[in-house]
Amino acid sequence: MSIRLQREDFDASAEAAALTRGRTDIGAVVTFTGLCRGTEAGAPIAALTLEYYPGMAEAEIARHVEAANARWQLLGVTVIHRYGRIAPGENIVLVVTAAAHRQAAFAAAEFLMDYLKTRAPFWKSEEHASGTRWVEARETDDAAAERWAPPPGRPEAAQ
Amino acid sequence: MKILYFAWVRERVGKPEEEIEAPVGVATVGELMAWLAGRGEEYAHAFANPRVVRAAIDRTHVKSEAPIAGAREIAFFPPMTGG
């Protein structure tokens, strides 16, 4: 697995290709890219700036990648999260999951994104014409992450 | 112990990190927030609504009831908005 936090952009197709190169056991690769929108709640934004907690962000992502590996027997995972100033249209986050079959690859990619949004220590601020403002967490994101919680009696998964 | 602040908690406190020694009797993350809030106007502003402030001890998420004994690094931050 590869987890990278970087200021620079990434190439989603190159990352997916790197994960499958020389492999014949992988039957499915899901590539998710999150991009910076140019409007938020109807108002245009000039850019997003992402702050993160060095050390904890990597550790928190690694914990969830390990949970995903245990749950879906992944054959490869790449997570890249950018920080710093990001303009509309630019990439923010990449999750690539590889598995023998598509169900595992799809589910693991969605699981990782839901947890990245609510548990990985990153914070976005939006630049508007009138100044900057911290993005507020969405309850819908919390609900999306909670649906992956293990059923009672299986506390070892997910967390 | 080292205390770290992120996003608007950092902006309100006015610094990204500091070394502190919590007094005897401050045993949990919640008690630490209450003690910090009493250190001045900027802290009172940052911790005005402690229920929305999240915490991590040694880079792991914790709840406000978590004991702080033995912690090397405690971070305070708003709900996360990555991804």
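Which residue in β5(B) does B:Ala56 stand opposite? B:Ala56 faces B:Ala75. The structure is a predicted model.

## Sheet of chain B

B:Ala56 and B:Ala75 belong to a pairing of two strands: β3 (residues 54-57) and β5 (residues 73-77) of chain B run antiparallel to each other and share four bridges. Both strands are part of an open, five-stranded sheet in chain B, ordered β2-β1-β5-β3-β4 and mixed in its pairing.

The edges of this sheet are formed by β2 (17-19) and β4 (60-62) of chain B; each has a single partner strand, so one side of each is left without a neighbour in the sheet. On average, and with direction ignored, neighbouring strands are turned by 25 degrees against each other.

## Contact between the chains

On the chain B side, 14 residues are in contact with 21 residues of chain A. Both α1 (7-13) and β5 of chain B contribute to the side that touches chain A, with at least two residues each. Sorted by class, this side of chain B consists of nine nonpolar residues, four polar residues and one charged residue.

## Helix α2 of chain A

In chain A, helix α2 covers residues 56-72, 17 residues in total. From its first C-alpha to its last the helix reaches 24 Å, close to the 24 Å expected at 1.5 Å a residue.

The buried residues of α2(A) include A:Met56, A:Ala57, A:Ile61, A:Val65 and A:Trp72. A:Glu60 and A:His64 are also among the buried residues of this helix. Just after α2(A) comes A:Gln73, with a positive phi of about 45 degrees.

Conventions. Residues numbered from 1 in each chain as written. Chains lettered and ligands numbered in written order. Predicted model: local features only at pLDDT ≥ 70, side-chain atom pairs only at ≥ 80, totals over all residues. Pairing = 2+ DSSP bridges. Axes fitted to C-alpha atoms, helices over the stretch in contact; angles between N-to-C directions. Contact = placed C-beta atoms within 7 Å. Nonpolar A, V, L, I, M, F, W, Y, C, P; charged D, E, K, R; others polar. Expected span 1.5 Å × (residues − 1). Buried ≥ 20, exposed ≤ 12 C-beta atoms within 10 Å, placed from the backbone.
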